[in-house]
Amino acid sequence: MTAHFNDAPEREATAQRAREKFIETYGYEPDGVWSAPGRVNIIGEHVDYQAGLCVPMAISHRCYVAAARTPENTVRMRSLQSEETFSGDAREFAPGKVEGWPAYVAGCVWAVASRLGGDAPRGVDILVDGYVPLGSGLSSSASLECGVVAALNDLMSLGMDEKEQVEAAIRAENEFCGANTGGLDQSASVRCREGGALLLDCADFTTSPLPWNLETEDLALLIVDTRAEHSHVTGEYADRRAASEAAADACGVKTLREVADAEQPSDLRAWCAEKIGDETVAHRGFHVISEIARVKEFVELLGKGELRPRLARIGQLLNESHDSLRDNYEVTCPELDTAVDAAREAGAHGARMTGGGFGGSAIALVEAEKVTEVADAIAAAFAAKGFKEPAFFVALPSAGAGRDL
Ligand code: ADP
Ligand code: MG
């Protein structure tokens, strides 16, 4: 079984293409081209809403935004990934007023509007060309928002620093589009650096860079888009969130981060069972607390420099994370488990699901020379079970949002 790879296109050429498409669409030269990446979470899953720690990295798949400021208030937009174009008056943008993909862009214009003087024109022409697969858990939405915010920041001389850009993109997604998502995606898309990962502390959204230079160590992160779609996902998320809150209540803390930061009992599982009572809630709590502990150890290992001497334990932590999400948090699905099992059997150092679960993507840390072999093994395992054919990417830690042209 030969795996199908979906490599990211080369950055400069793609930015040029966005420029040309802008000219084709609007009949004049754009002021510039900006882009922002999708992201993958390496470890620290389902802990953000308990003030936990996550370790995302930006992937090489980006969303490109060619844009020009206009002297009016009309915002026009076109995406090469959609038939639907949009034109509207920016002064009328309000939460719930714009639908479909244009809402992500309009939301960004809305989120930065207060930074402009009252009478300053808010009009822009925008051409979007995105390479982060839509809805695969790799955050195409944040790549779009963060690309647009970077463009607006320069075009309108808003002077926003990275933190403010992240906040604007989050407001666009949460308040304007009504999508109740964390903030991990936008933080990663803006703040990640080439050749490194990011430690994101969800207690206060502070970030710090982490060494994670896979390329110089002949390693690669294989991303498997399972293309699995499951129903009831929203209800399942709400259930896990509620269970984690019940676990925190039972432990007498505001968030489980407090438990994870305190001295750990010798048998955490037994401690959770006793303290929390309800068996399912105890399992959920155990996942969150132990996952935060895993992130701490992971970060410590990365902080020591080269990955290779510590590869065995790094891989094991990825495996333990997945196994806990499967057994304690119960957010995996047959496709994710199959991808992870096949990757491990084919020689991955470690593999786990990434993102919310119930479909979406899995990651495997592999020797660079073994990427195809591991991907082929996963594709074969999917075919044997009659699953939809998965898509593969090789991800190297990439740069955050920025200007291309
Ligand atoms: P994810 O962020 O995991 O890919 P979401 O459901 O959060 O999934 O966001 C996907 C949505 O983002 C799409 O349905 C679309 O509305 C919007 N989007 C992202 N990238 C683009 C693009 N290049 N062109 C148009 N819309 C896009
Ligand atoms: Mg998203």
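This report describes a predicted model, taking up its ligand site, its aromatic pairs, two backbone angles and three buried residues in turn.

## The surroundings of ligand 1

Ligand 1 is surrounded by 16 residues, and the closest of these are Ser 79, Gln 81, Gly 135, Ser 140 and Ser 141. Sorted by class, this shell holds seven nonpolar and nine polar residues, while charged residues are absent from it.

Several polar contacts can be described atom by atom. In the side chain of Ser 79, an N or O atom lies 2.7 Å from a nitrogen atom of ligand 1. Gly 135 takes part through its backbone, where an N or O atom is 2.7 Å from an oxygen atom of the ligand, and Gly 137 likewise has a backbone N or O atom at 3.3 Å from an oxygen atom of ligand 1. On its own, ligand 1 has 560 Å² of accessible area, and the protein covers 77% of that area. Two elements give two or more residues to the shell, namely β5 (124–130) and α3 (140–155), and of the elements it is α3 that gives the most, with three residues.

## Aromatic pairs

Across the whole structure, a search finds ten aromatic pairs. One of them joins Trp 110 and Phe 176, whose ring centres are 5.4 Å apart and whose planes meet at 50°, an arrangement that counts as tilted. Because Trp 110 belongs to helix α2 (residues 102–112) and Phe 176 to helix α4 (residues 162–176), this pair ties together parts that are 66 residues apart in sequence. Both Trp 110 and Phe 176 are buried, and ring pairs link these two residues with Phe 86 and Phe 93 into a cluster.

A further pair is made by Phe 382 and Phe 387, which are edge-to-face, with 5.4 Å from centre to centre and 80° between the planes. The two partners are described differently in terms of accessibility: Phe 382 counts as buried because its relative accessibility is 0%, under the limit of 20%, whereas Phe 387 has a relative accessible area of 22% and is therefore partly exposed.

## Two residues with positive phi

Most residues other than glycine have a negative phi, and against that background two residues of this model deserve a mention. Ser 139, which is not a glycine, has a positive phi near 70°. Ser 139 is placed in the loop between β5 and α3, the two elements that each give two or more residues to the shell around ligand 1. With a relative accessibility of 8%, Ser 139 counts as buried.

Asp 218 also has a positive phi, of about 55°, although it is not a glycine. Asp 218 sits in the loop between β7 (206–211) and β8 (219–225), and at 52% relative accessibility Asp 218 counts as exposed.

## Three buried residues and their contacts

Ser 244 is part of helix α6 (residues 233–251) and is buried, its relative accessible area being 0%. Its side chain reaches the backbone oxygen of Arg 241 at 2.8 Å. When residues up to four places away in sequence are set aside, Ser 244 touches Tyr 49, Gln 50, Leu 256, Val 288 and Tyr 329.

Ala 67 is found in strand β2 (residues 53–69), where, at 1% relative accessibility, Ala 67 counts as buried. Its C-alpha atom is separated by 8.3 Å from that of Leu 155, a residue 88 residues apart from Ala 67 along the chain. Leu 155 is also one of the residues in contact with Ala 67 once neighbours within four places in sequence are left aside, and the others include Phe 22, Trp 34, Asp 125, Ile 126 and Ala 151. Of these contacts, Asp 125 and Ile 126 fall within the range of β5 (124–130), and Ala 151 and Leu 155 within that of α3 (140–155).

Thr 14 lies in helix α1 (residues 11–26) and has a relative accessibility of 4%, so that Thr 14 too counts as buried. Apart from residues up to four places away in sequence, Thr 14 touches Pro 9, Tyr 64, Asp 129 and Tyr 131.

How values were computed: Residues are numbered from 1 along each chain as its sequence is written. Chains are lettered from A and ligands numbered from 1 in the order in which they are written. Side-chain values use heavy atoms; hydrogens and water are left out. Rings of Phe, Tyr and Trp (its six-membered ring) pair if their centres lie within 6.5 Å; planes under 30 degrees apart count as stacked, over 60 as edge-to-face and the rest as tilted. Helices (H or I, at least four residues) and strands (E, at least two) are DSSP runs, numbered from the N terminus. Buried means under 20% relative accessible area, exposed over 50%, partly exposed in between (1.4 Å probe, protein chains only). A residue is near a molecule or strand if one of its heavy atoms lies within 4 Å of it. A polar contact is a pair of N or O atoms within 3.5 Å; within protein, one must be able to donate a hydrogen and the other to accept it, and residues adjacent in sequence count only if both atoms are side-chain atoms. Accessible areas come from the Shrake-Rupley method with a 1.4 Å probe; for residues, only the protein chains shown count as cover. Ala, Val, Leu, Ile, Met, Phe, Trp, Tyr, Cys and Pro count as nonpolar, Asp, Glu, Lys and Arg as charged, and the others, Gly among them, as polar. Contact means heavy atoms within 4.5 Å.
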